[in-house]
Structure formats: structure tokens, C-alpha cells
Amino acid sequence: MAEQKTSVSVQGLALSYGAVKVLHELDLDIPEGEFLVLLGPSGCGKSTLLNCIAGLLEPSAGKIFIKGKNVTWEEPKDRGIGMVFQSYALYPQMTVEKNLSFGLRVSGMARDEIDKRVKRASEILQLEPFLARKPTALSGGQRQRVAIGRALVRDVDVFLFDEPLSNLDAKLRAELRVEIKRLHQRLGNTMIYVTHDQIEALTLADRIAVMKGGIIQQLDDPHTIYNKPRNRYVAGFIGSPSMNFLRAKLEGTAAAPSLAVAGGKVSLKDYGKMSGFTPGSEVEFGVRPEHIRINAGSEPGSSDSFDAVVDLVEPMGSDSLVWINLGGQMLSARVESSARFHPGDKVTLRFRVGLSSLFDGQSGDRL
Amino acid sequence: MANTTTIEASGPKPRPLFAPGRMFVYAVLILTSIYYLLPLYVMLITSVKDLDDIRFGNIFVPTSDPSFQPWIKAWAEACTGLNCNGLAPGFFNSVKITIPSVIVSIAVASVAGYSIANWPFRFAEVFFTVLLVGSFVPYQVMLYPLVIITSWMGIYSTLWAVIFIHTVFGLPILTLLFRNYFSSLPPELFKAARVDGAGYWRIFFQIMMPMSVPIFTVAVILQVTGIWNDFLFGVIYAGLTNYPMTVQLNNIVNSLQGVKEYNVDMAATILTGLVPLTIYFVSGKYFVRGIAAGAVKG
Amino acid sequence: MDRPNPLFRNLNSKIAALPMMLIVLFVFVGGTVWTVASSFTNIKTLPIFTPQEFYDNWVGFAQYTRLWRTPRWITAITNLAIYGTLYTSFAFIIGFALAVFMDQKIRLEGVFRTIYLYPFALSFIVTGHVWAWIMNPAFGLEASVRQMGWASFSFDWLTNREMSIYSVVIAGLWQGTGFVMALMLAGLRGIDDEIWKAARVDGIPKWRTYIQVVLPMMRPVLITTFVIVASGAVRTYDLVVALTQGGPGHSSQLPTLYVYETMFVGALSQGTAASSVMLLATAVILIPWIWVEFVRKKQA
């Protein structure tokens, strides 16, 4: 396999505002052409990390490399990056064409080179009809495309996106999401994308870095993050509707582990490799709503059945979410909308153990 | 990577303590500050010199033998064209003018602003717009009509005339201030009070005013400064016995009697500026807010 | 409590706003109308009120022609043009420059702001007398600088007929630039931080960002400030009274002084004519503001 060159490398990056530490010695290597998403709630440090990579914020410690060059002390314009902001940040008094070409003109580039690049960017982003308009005459989606165009004309290797779709309504967000993915497929540049929206993360990313409290909780491709979350936090953050967590206790032996949960027993032989087994320890049993079977017969990969009572049904169009009371703990299970359940119905549950997760009761780490 | 230095870039970029860019900024700011502070400095040192020192000395060099005699003279004995009672009568007149003027002008304007913002009636906005435009009309255009009006009212050449004038000319900006402020308060508060059955005056006194301490402060500062510093209206409308401090100051400094006593003049000038300056230094951000409010239209 | 007559609806509000309405009608509107109307008559000391009186004394534009033939008025208007232009432009340039420097995240920002703004808290009379002293021909700036070594230094603006109006400019700027700076700084602070970031990523140097990106974005603040500063310049009175008394001779005469000198001493209609010209000047200044407020707002 040919060695993939690293596009962006972050080493030991830390940032503190006085006594408050916002980033905790982060390490991150991003190969060329990857679409990396930094995902997390407000205040987790994702925007801070992006701004450090961009050179807009100064780290308290650590190094940043872009295409092999140490850019830790370089100005943003010398780092080979282009950036797209949440509020578009277009120059309001300039036409679209001027917005795109301003930076290039300031750098003293030849006029025909500028025109060539502006033309190319307008073509890719379908901006030709608006080149003479000012930002106030454009819709939100059009403005965002101009913002992307401004980064495009810089002919750089790395694109940085700081929550670019957060200011748009849901429909527009979905449309532009697809356009950004298409852009990535067409251009193949490295893209680092910050968002708090997990749907954007899951659909756009080659890899996702889930962040909390200035620390990267997990760095993996979307599939792994969804199915094998590394800790309780990531498991609860990703997935909508969110994962169910049941209090449980480990039992049995390392060769034949099992779980005491909700007054019953679940065999863990299909769980896969566990990172540590201490019988008697308190754990959390995490299972996603779509991995709970209601009123199903015994199947390979499913656990034994449990008796439970339906509490509430939420119809969601394509399927329904059924809230079930299992011995005092609330679970949600996803079912086809054709299956009709009513509050008070007695049902049986089976868990698909192979797709579930176990978390240590204290640390929250995955077992 | 041709890196001739042995240090690899890491962490925050080292910045020299005296970067040329920052130095330039501070240099400009400090030099400009000198232009602004110079007159204050000159005023102070001149006011404590004796006359020989002034005549033969240097305007920028302080005296080694300061005396407060000029200050005492300025306050109590300096001569205008008419009498030699110093600035003191002017000071008390200014107080007599300022306090009622501030109260009346703010009372009229706050209520007007409240009406326009919360209880608009037909033509309310029209009056407001005319008022705003009127604030730009040069005073000279209304000087004579106001002489006529105050004569009709029987108050020309009295304290009441000046109070009336200051109310008139304070109205545009104060009404703007209050109207904007009341408009910016959450409307739910007002609606809830009306649902509870409260009327115009009750809402004003029990709900609006307690919430409006900042804006009243700004208004008071604006008015006290403007009215205390006024000269034109004091000279025209107040009457000879009611001349405010600014007029008194001008008469003292420009009086043609006797020898010009620059030290007394400077002491008198400082005394006249003392009240607004004190307010300025004490009120800080409210003063700035008042200025900004003067510029924010709508 | 609903009465059928709409006049009584919302009664409390109307009563409370009555003083304001009366003042607007009689002082602002009535006064302006009276002054402009009187400028077309030849009244000298006694004001007139009835339409009949106006008809009897009507002289058309005679006062205005007389005005423009009076040398003192020409001086006044010329001085106003000089003072107004210089004062407004320099106040803007210095004020904006200071605001930009203050925007650089400097330490002791509060101290500097206090220093630049305190002259604004002073009366024009105070300002005028202080600068009159500094520019004193015998003992002021000129004498002191010469004493300190520069024997050929000369600063006789106060006594020089050609230069007296410029001394007013210096004093006026000292008082007023702090105000412009405060407004400009507030405007600068209102610029979205992400615009700055975008410009930085684009590689635009700071000074260029201020001039080509930030300044155009501040158009509303600029226009408002311009209107306030320029209309204030038209009204300059106290400062000249204190600093030069209009002299030497009448070389630093301004329209405000001219009005005062004619209106109350037997040339009433002349005074009103002069006032009306000032009104016109102010109206011209207001045009950009009106354009922004009404025309552009309707577009947006």
C-alpha cells in the first residue's frame, strides 16, 4: 500500500486562557484528501482547535504541521489554508466577483491568473449568475457558496469549515451538505469540518473526532464510532434517537461472560473481545433502539427474552419509537410503523448482543 | 525545509517586548495625548503663578512659588464690567439655573418619549420626526421667536425663561433617548401590566421608572453638562442678575478694566470647568453612553 | 373606559405629551416659519405677526441682496465655509485615526479615552479662553517657544487677520475630536469578528482591511457623525466669542455672530435673513442623512 502523505499534523497542542485549559495536548494526523469532522457540543474546543490550525489563535504549547512544513508561527495566509465561516463573513460592500478576487489582488497576482481562478471557482459552485451582485442580494445558501468559493480561489491544499451550515434552515442545510460532499469528491482536498450536528458528521466524514472538554474522545470512521463507541460519552452523543443504557453487572467467567440485567441474564458470547473482565463489577449495557427486538422469536445473535410493558409510542413517519418499561428502567425501541403498539401492552424484548456496547460503571470506557 | 535556526517552532510565537508596530501605536497615542493635556497643564500652572512670572516667564514652565491667591480673587473679587464680586454669583446662578432646568427638561421629555413608545396616538410619530429634524435647526432661527414667546409668557429676562429654553432645546435629544430606551424594554412587561389593569401613570411610575435608572442617569449627565456649559441662552434670556458662570467668566476675562490678570483668568476658567469635569471623571461610562446615544438615530 | 369620541381615547398619553407637542408646534415649527417669513420683510426692531402686517412690509428678496452686499456677512460666510470644511474633515480624520489606534487592544485604553474625551465636557467658553491664553501674542506660545531657543518661531494667528479663523479651528478640534473618536470606536467595535478572520486568512494587511472593508461597512455611523459634526460647526458661537470675539476687526466673524449683532440692534429682518441662510446650510447638510434614513431604508 502506498504510503499516504500526511496533510495536517497536530502535535501536543494545548491552549489555556489564564487558568482555564481549553485544549489538552492534542495529537492528530490527517492524511491527504481526508474529510475530517470535529464533532462535539458547544465549548468542547472544536472551534478552538480549528482556529489554531488556521493560525487565528495562538496555542500555548504544541506544533502544527501542514504538508510537512512547521507552520506553528506562520500567519494564516502563509499556511496554505482556506476557511469558511459560520456567518459567511463576506465583504458586504463588494460584489461576489470582488469578494472572490480581493485576496488575490492584494497579493499582487496577475489579472488573468485571478480571472482564471475566479472563473473556475464560479463554475464549480455555480456562482456565474451572481458575480455582479452584492451579498445582501443573495440567499443564505448562495452566500455560503460564495464563502466556499473564496477559499477555493486560494488554490490551497487544506479547507477549514467552521460550522458553515449552522445558520441555515434544515432544508437548506441538507442541500448544502450534499454539495459539500460532492465538492470533496470532485476536488479531493483535505477538509477539516467543525460541527455540533452529528448527522452532518456521519454523512460527510471519512473520520470523525468526537471532542469533549478539549480532549479527543474518539477518532475513527463513522461506522466504527456508531457501532463501537469508545466510551459512554461518545455512545450517548452519537445516534438519534440515542442509545439506551441499562444498569448491569458482569457475571460468569472470562470464557463464558454474561450480564445480570433487569432481573434477567444476557449471555455475552456474541459480544466480541472484551478489554477487561472483572466478575461482579458494575457496568452499563448500551443498546441502540434499532437493535432491540420486540416480540421476536429466538434468533442467532439475540439474547434471551425479557418481559416488559409498553409505556408510550412515538410515531415518526417511516418507523415508530416505542418506549418500554423494563423492570423500572426506560428503553426505546425502533419498530416499523406498521406494527401497532399501545401503552400497557405486554411485550417481550431481545437484545442483539453483537451490536451492543458495554461500559465500565466508573470510568465510562468501553469494555 | 531549510531551517537555519536551531529552534523549532512550537507553542506561542515569540514576540519582542518592543515590537515596532506596537511602539508606533503607543507613540501616536501618547503624542496625541499631549495635544489634549497641554491646555489643562498650562491652565493649572498659570493659575498659581504671580503676574511677573507670567510676563517674564515661560508659558510651559511651572513656577517655583505657587500661590492660590489668584483662585481666591477669581472666586470672590474679580471684576466684570459691572461689579467686583468674582465668579461666585455666577456659580450660584448656574446652580439655580441647572437644577430646575434638568428636572423640568427630563420630566417633559421622558414622559413624551414614554407616550410615543408605549401609548402612541395619531400623529405621535409625526411630532417625533419634526422634533428630530428640529434639533438640527440652528438656534439662531428660533432666538427671536423665543424672545417673543417668553415675553408673552411674562418670563423674559428671568430664571424661568432660561429653564424654559433649556427644556425646549433639550427636548429633541432627550425624547429620542427615552423613546428608544422604552422601546427596547421587553414588551411583555408592559402588556402584562395592562392586562392587570394598570393605566398610563401607574405603569410609568411603578414599572418604567424603576427599570430606567441607567437612562435617567445618562439624561441627567447630558443635561447637567450641557446646561452648565451653556452661554448663549444665559446671555440672552436670563436677565442681568441671573447670569450663569460661563457668562460671568467671559465678562471677567474680557473686561477692559485695569490690568489683565492672566492668573486670575485661568483660575476662573478652571473653576467654571470644574463641575462638568468632575461629573465627567466620576460618571465614566455613562458619559460615553450619553454621547453614543446622541448619535444613534432610531 | 371607552368614550365614543376618538379625541378622548388614550387621553392620558395625549395630555402628558402636550408640552412636547406645543413646543414642537409653536417653537420649532412656528418659530422657523416666523423667522423665514420675516426675512422677506423690512422690519427693524419690532416683530410683526398678522398677515396684514406681513403684507404691508413685504420686500421680497431685498434683505438677502443686502446681506450678500455686506462685507461683514461675506467674511462670515467665507469663514464658515473654511471653518466648517476644516473642522469637519480633520475631526473625521483625526477621530477615525485615533479610533483605529485605540482598536488595537492597547493597555490603558480607558486612560487614553478619558484624556481624549475630557475637553468635550468643557464649555466652549472655557475652551476659548484657554486657547486664547495659549495663543496670547505677548506671553503665550510664540514668546515661550522663542524663549526656549527657536528665535524665529512665529505664531500670531490670534492677531493676524488672515489666520484668526484658523485659530478657531485648532481650538474647536481640541474640543470635538474626542467625540468623533468615541463614535468611530463604537462603530469599529460593531464589526463582526469573523470578517476580520476572513480578511486575515485572505492575507489582507490590517490597514487595508480598515480602509477597504471596515470603513464602507460603517457608512451609517459615518453619515450620522458627519451630520452631527457639520451641523455643530454651523452653530459655532460661544467658542468665537471667547477666543477672538470675532476679531481682530471682523476677520473671524461667523454667521452666528452676525445674527446676534443684527437681530437685537435694529436690523431684525437682516438678522432673520442671516438665520435663514444658516437654516439653508443646515438643510443641505441634512440631505445625506435623510437619503439614508428614508430612501435606502425603503429599499432594504
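These are my notebook entries on a predicted model with chains A, B and C.

**Ground rules.** Residues count from 1 along each chain as its sequence is written, and chains are lettered from A, ligands numbered from 1, in the order in which they are written. Since the model is predicted, local features need pLDDT of at least 70 and side-chain atom pairs count only at pLDDT 80 or more, while totals for chains, interfaces and linings use all residues.

**Chain A, overview.** I looked up the secondary structure and got eight helices and 20 strands; these are DSSP runs numbered from the N terminus, helices being H or I of at least four residues and strands E of at least two. The C-alpha trace spans about 75 × 45 × 45 Å along its principal axes. Of 367 residues in chain A, 40% are buried, where buried means 20 or more other C-beta atoms within 10 Å of the residue's own, exposed means 12 or fewer, and partly exposed lies in between, with C-beta atoms placed from the backbone. I also checked contacts (C-beta atoms, placed from the backbone, within 7 Å). In chain A, 66% of those with a separation of 6 or more link residues 24 or more positions apart.

**Chain A, N-terminal sheet.** I traced an open sheet of four strands, order 2-1-4-5, with antiparallel pairing; strands pair if DSSP finds at least two bridges between them. Strand 2 (20-31) and strand 5 are at the edges with a single partner strand each, so one side of each has no neighbour in the sheet. Strand 1 (residues 6-17) and strand 4 pair antiparallel over five bridges. One bridge I noted sets A:Gln11 against A:Lys63 in strand 4. Helix 1 (residues 46-54) lies across strands 1, 2 and 4, at about 120° to strand 1. For that angle, axes are lines fitted to C-alpha atoms, for helices over the stretch in contact, and angles run from 0 to 180 degrees between N-to-C directions.

**Chain A, strands 16, 17 and 19.** Strand 16 (residues 306-315) runs antiparallel to strand 19 (residues 346-351), joined by four bridges, and A:Val309 stands opposite A:Lys346 there. Strand 16 also runs antiparallel to strand 17 (residues 319-326), over six bridges, with A:Glu314 opposite A:Leu321. The hairpin of strands 16 and 17 has three residues between the strands, and A:Gly317 takes a positive phi near 95° in it.

**A against B.** Ten residues of chain A contact seven of chain B. On the chain A side, strand 4 (61-66) and strand 5 (69-70) each supply at least two residues, and strand 4 gives the largest share, three residues. I sorted that side into three nonpolar, four polar and three charged; Ala, Val, Leu, Ile, Met, Phe, Trp, Tyr, Cys and Pro count as nonpolar, Asp, Glu, Lys and Arg as charged, and the others, Gly among them, as polar.

**B against C.** Here the contact takes 69 residues from chain B and 72 from chain C. Helix 1 (residues 20-47) of chain B brings the largest share of its side, twelve residues. The chain B side divides into 49 nonpolar, 17 polar and three charged.

**Helix 8 of chain B.** None of the nine residues of this helix (residues 187-195) is buried, so it lies largely in the open. B:Gly197 follows the helix, with a positive phi near 100°.

**Chain C, domains.** I find domain 1 (12-60) and domain 2 (66-299), with bounds from an automatic or database domain assignment. Their C-alpha centres lie 31 Å apart. Ten residues of domain 1 and eight of domain 2 make the contact, and the domain 1 side has three nonpolar, six polar and one charged.

Key: Contact = placed C-beta atoms within 7 Å.
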